[in-house]
Amino acid sequence: MTIRCAIIDDEPLAGGLLESYVEKTPCLELIGTYTSALAAMRDLRDDPAQLIFLDIQMPELSGIEFTKILPSETKVVLTTAFPQYALEGFKVNAIDYLLKPISYEAFFNSVEKVLSWFGVSIKEEPIFHDRLLFIKSDYKLQRICLDDIIYVEGLKDYLRFHLKDGDTVTSLMSMRKVEDFLPHPEFLRTHRSFIVRMSEVKAIDRLRIVIDDDVFVPISENYREMIMQYLDSHTIA
């Protein structure tokens, strides 16, 4: 199932982060990003979204006020930097409430709640259930268990899957395609040429992920914030 969603947030950086999360989540289709509820109202009246990620504090028309004029079939996940507004989310029957800064893990958990409301479980997808991939390599379909993948490396038009037993499997496919298939946040993109299974990370050394004593994966500027948020959500200060 694909859910048509929109983002409404008057902070461009916050909206851009949510856009990147939607892009990485195969079951979501982004139909619009807006910096005000009034701007969204004009578009969504004729082309309604099934789900809106909605900031609470906005000028002219707040997120809470906007929920009162939405059609009942449109579901809402509220976002805010202020935890005291959580109660407001319950009053308007929001499916979930995300506190900024929003990690991809928290975002993904909200998406699972939305899918559950629609009667769908992402865990029912075959790849999540069987934890197997079949990819074309050397004119045959090669089976790969998700639990054996350490990281995926992009090599121009090819991808190389690095596995626990030291083997590698190379296939002609795009990084974006395999990123859509691998479960998040178990696997995260760290660089335009790398996807890492986070349980295989031994340490973070400056802007590098340490996989082994002699294996390092870079973290690029485009993916740094998402990786840092993941780490923050798993770090005991």
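R206 and D205 pair up through their side chains in a salt bridge, 3.1 Å from N to O, the criterion being a Lys or Arg side-chain nitrogen within 4 Å of an Asp or Glu carboxyl oxygen. R206 is exposed at 71% relative accessibility, while D205 is partly exposed at 25%; here buried means under 20% relative accessible area, exposed over 50%, and partly exposed in between, with a 1.4 Å probe and protein chains only. Shared partners also link R131, D147, K164, E186, R197 and E200 into one salt-bridge network. The total comes to 16 salt bridges.

This is a predicted model, where local features need pLDDT of at least 70, side-chain atom pairs count only at pLDDT 80 or more, and totals for chains, interfaces and linings use all residues. Numbering runs from 1 along each chain as its sequence is written, and side-chain values use heavy atoms, leaving out hydrogens and water.

D47 reaches R4 with the closest N and O atoms 2.4 Å apart. D47 sits in the loop between α2 (37-46) and β3 and R4 in strand β1, so this salt bridge ties together parts 43 residues apart in sequence; helices (H or I, at least four residues) and strands (E, at least two) are DSSP runs, numbered from the N terminus.

As for the interior, the largest nonpolar core holds 35 residues, with Y21, L28, L51, F53 and F107 having the most contacts inside it. Such a core is a set of buried Ala, Val, Leu, Ile, Met, Phe, Trp, Tyr and Cys residues joined through side-chain atoms within 4.5 Å. Helix α5 gives the most to this core, with 6 residues.
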